[in-house]
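Me: I'd like to go through the side-chain contacts in this one and then look at the overall shape. Please give me the cut-offs as we go.

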Amino acid sequence: MAEIQKISYANKQYGDLWTAQEANDVKSVVNANADILAGQKTQLDTLSNDFDTISKQHAQNTQKLNTLVADNVRQVFLTQSEYDTLAAKGGIEDDVLYNIYEE
């Protein structure tokens, strides 16, 4: 990537001449910086589109996961002591989502 440029000729004072070369230097610096900014805008637009795509995919995945959980995962709601008792008896099942109430 090109570097941002600055105008490099010496500061002018009242009555100093402004040469064609200095005018061309200004034009060159402004145009080069405009090209850099245009490139950065293109990159930002691409990143924005990528982010939108990822965000939409994330929303779809979240919805699919919620549907999967609702349709396929059995849920049990119980207290911590009820869960501990179930665990002590070896009754914890791998395909069950255990939700512990706060006491």
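Me: Which side chain does Glu22 meet in a salt bridge?
Reply: The side chain of Glu22 meets that of Lys12, at 2.6 Å from N to O, a salt bridge being a side-chain nitrogen of Lys or Arg within 4 Å of a carboxyl oxygen of Asp or Glu. This pair links distant parts of the chain, with Glu22 in helix H1 and Lys12 in the segment before H1, ten residues apart. Helices (H or I, at least four residues) and strands (E, at least two) are DSSP runs, numbered from the N terminus.

Me: What should I know about the model before trusting that?
Reply: This is a predicted model, in which local features need a pLDDT of at least 70 and side-chain atom pairs count only at pLDDT 80 or more, while totals for chains, interfaces and linings use all residues. Residues are numbered from 1 along each chain as its sequence is written, and side-chain values use heavy atoms, with hydrogens and water left out.

Me: And how confident is the prediction, what's the average pLDDT?
Reply: The chain averages 91, and 99% of the residues score at least 70, where pLDDT is the predictor's confidence in each residue, from 0 to 100. Among the elements, H2 has the highest mean, 95, and E1 the lowest, 90. Where pLDDT is low, the predicted coordinates should not be read in detail.

Me: Back to the first pair: is Glu22 buried or exposed?
Reply: Glu22 has a relative accessible area of 12%, so it counts as buried, whereas Lys12, at 38%, is partly exposed. The cut-offs are under 20% relative accessible area for buried, over 50% for exposed, and partly exposed in between, with a 1.4 Å probe and protein chains only.

Me: How many salt bridges does the structure hold?
Reply: The structure holds three. One of them joins Lys41 and Asp45 at 2.7 Å from N to O, and because these residues are four apart in helix H1, they are separated by about one helical turn. Asp45 is partly exposed, with a relative accessibility of 36%.

Me: What does Arg74 pair with?
Reply: Arg74 forms a salt bridge with Glu93, and their closest N and O atoms are 2.6 Å apart. The pair links distant parts of the chain, since Arg74 sits in strand E1 (residues 74–78) and Glu93 in the loop between helix H2 (80–88) and strand E2 (96–100), 19 residues away. Arg74 is partly exposed at 44%, and Glu93 is partly exposed at 36%.

Me: Switching to rings, how many aromatic pairs are there?
Reply: The count comes to two, using rings of Phe, Tyr and Trp (its six-membered ring) whose centres lie within 6.5 Å, with planes under 30 degrees apart called stacked, over 60 edge-to-face and the rest tilted. For Tyr83 and Tyr98 the centres are 5.5 Å apart and the planes stand at 70°, so this pair is edge-to-face. Tyr83 is in helix H2 and Tyr98 in strand E2, so the pair ties together parts that are 15 residues apart in sequence. Tyr98 is buried at 16%, whereas Tyr83 is partly exposed at 25%.

Me: Where is Asn33, and what does it touch?
Reply: Asn33 is in helix H1 (residues 20–72) and is buried, at 15% relative accessible area. Leaving out residues up to four places away in sequence, Asn33 touches Glu3, Ile4 and Gln5, a contact meaning heavy atoms within 4.5 Å. A polar atom of the Asn33 side chain lies 2.8 Å from the backbone nitrogen of Gln5.

Me: Which residues does Gln5 touch in turn?
Reply: With the same residues close in sequence left out, Gln5 touches Ser28, Val29, Ala32 and Asn33. Gln5 lies in the segment before H1 and is partly exposed at 35%.

Me: Last one, what's the overall architecture?
Reply: There are two helices and two strands, following the pattern α-β-α-β along the sequence. The radius of gyration is 33 Å, well over the 13 Å that the globule rule gives for 103 residues, so the chain is more spread out than a compact globule; the radius is taken over C-alpha atoms, and the rule is 2.2 Å times the number of residues to the power 0.38. The C-alpha trace spans about 95 × 25 × 20 Å along its principal axes, and buried residues make up 8% of the 103 residues.

Technical notes: Polar contact = N/O pair within 3.5 Å; in protein donor to acceptor, adjacent residues only side chain to side chain.
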